[in-house]
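Here's a protein chain for you to explore. Take a look at the sequence and the 3D picture, and then we'll walk through some of its parts together.

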Amino acid sequence: MSKGRGTVFHPIESATVQGVWQHFAAIFGLCLCDTGSLTHMVHFWRYSTPFHSDLHIRTLIPFLILWFTWTQRNAAKYRGVPFSTDSIILEVQRYLRKLYAARTLTSTQWKGDLHRAAIMGFIFGRQVPRAPSIVRWHAPSPSWFKLNTDGSSLGNLGLAGAADIIRDSAGHVHLAYQFALGTGTSVLAELTAVWRGMELALTHGLAP
């Protein structure tokens with residue numbers, strides 16, 4: 001890696017970084033013979049599985065490689081930390097372990113690659129279906145309104161949305177609303193649903 005001022009660092013052509021790409025390509029059974037530009041590399045990884053999605057592991061791996069290549073490059077440039085293939089691989093694996101420990105890295109994201117997940121030390125047990133439970137809506141007191149909210153995200157971080165419904169003591173719906181939040185967490189979606197619901201209730205005079 002050149003340390004000259006203003007040098008453009010290439011995230012594919014660098015011999016150090018090529019070793020990182022080859023390491024993970026070997027795990028996923030990919031041949032990086034001629035992937036062209038960085039954009040082609042990312043697309044190659046994403047569509048190397050029929051189960052491709054925004055949160056599939058084959059979509060995430062290239063971005064993790066790029067991110068930790070950048071952070072390790074900066075650590076080498078500004079703090080004198082050795083810049084090596086192994087250090088980047090270690091950071092990618094460490095981050096994946098954090099996601100796994102936090103249960104935000106799920107078996108769904110490894111669809112078609114569960115055996116490769118096991119190679120990397122990520123074991124996903126068979127999920128036992130939950131027994132169905134009956135949920136009942138309880139009406140508020142007369143002259144009161146009840147706000148019910150819900151928020152969720154596809155992954156955590158992921159595309160998020162929220163919804164609200166306001167009913168009176170007779171169960172009549174006075175207001176129902178749903179909205180997209182863009183990228184966010186499930187907690188953010190839940191809290192935003194409550195906040196937006198209360199705003200809507202006040203705006204439409206749905207208060208006792």
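Let's start with R116, which you'll find in helix α5. Keep in mind that this is a predicted model. Is R116 buried or exposed? Its relative accessible area is 18%, so R116 counts as buried, since the cut-off is under 20%. And what does R116 touch, if we skip residues up to four places away in sequence? Its contacts are I27, F28, G29, R58 and W110.

Two of those names, F28 and W110, bring us to the aromatic rings. A pair of aromatic rings is described by two things: how far apart the centres are and the angle between the planes. Going by a centre distance within 6.5 Å, there are 7 aromatic pairs here. One of them is Y100 with F124, an edge-to-face pair with centres 5.5 Å apart and planes at 85°. Y100 belongs to helix α4 (residues 85-101), while F124 sits in the loop between α5 (114-119) and β1 (145-155), so this pair ties together parts of the chain that are 24 residues apart in sequence. How open are these two to the outside? Y100 has a relative accessibility of 28%, so it counts as partly exposed. F124 comes in at 24%, and that makes F124 partly exposed as well.

Now look at W110 and F122. Their ring centres are 5.8 Å apart and the planes meet at 50°, so this pair is called tilted. W110 is in the loop between α4 and α5, and F122 is in the loop between α5 and β1, so the pair links distant parts of the chain, 12 residues apart. W110 is buried, with a relative accessible area of 0%, and F122 is buried too, at 3%. Zoom out a little and you'll see ring pairs joining F28, W45, Y100, W110, F122 and F124 into a cluster.

W45 from that cluster leads us to a pair of helices. Two packed helices are described by the angle and the distance between their axes. The axes of α2 (residues 38-46) and α3 (residues 57-79) come within 7 Å and cross at roughly 145°, and the crossing is right-handed. Which residues meet there? On the α2 side they are L38, V42, W45 and R46, and on the α3 side R58, T59, I61, P62, F63 and L66. You've met R58 already: it is one of the residues that R116 touches.

Next, follow the chain to its sheet. Here 3 strands make an open sheet in the order β1-β2-β3, with antiparallel pairing. The edge strands are β1 and β3 (173-184), and each of them pairs on one side only. On average, neighbouring strands are turned by 10° against each other, ignoring direction. Strand β2 (residues 158-168) is joined to β3 by 10 bridges, and A162 stands opposite F179 in β3.

F179 has another partner to show you. The charged end of R196 sits over the F179 ring, 4.7 Å from its centre. Elsewhere, the charged end of K146 sits over the ring of W137, at 5.8 Å from the centre. To finish the tour, find helix α6 (residues 186-203): this helix lies across β1, β2 and β3, and runs at about 150° to β1.

Methods. Residues are numbered from 1 along each chain as its sequence is written. This is a predicted model: local features need pLDDT of at least 70, side-chain atom pairs count only at pLDDT 80 or more; totals for chains, interfaces and linings use all residues. Side-chain values use heavy atoms; hydrogens and water are left out. Rings of Phe, Tyr and Trp (its six-membered ring) pair if their centres lie within 6.5 Å; planes under 30 degrees apart count as stacked, over 60 as edge-to-face and the rest as tilted. Helices (H or I, at least four residues) and strands (E, at least two) are DSSP runs, numbered from the N terminus. Buried means under 20% relative accessible area, exposed over 50%, partly exposed in between (1.4 Å probe, protein chains only). A charge sits over a ring if NZ of Lys or CZ of Arg is within 6 Å of the ring centre and within 35 degrees of the ring normal. Two strands pair if DSSP finds at least two bridges between them. Axes are lines fitted to C-alpha atoms, for helices over the stretch in contact, and angles run from 0 to 180 degrees between N-to-C directions. Contact means heavy atoms within 4.5 Å. A crossing is left-handed if the near helix is turned anticlockwise from the far one by less than a right angle, and right-handed if clockwise.
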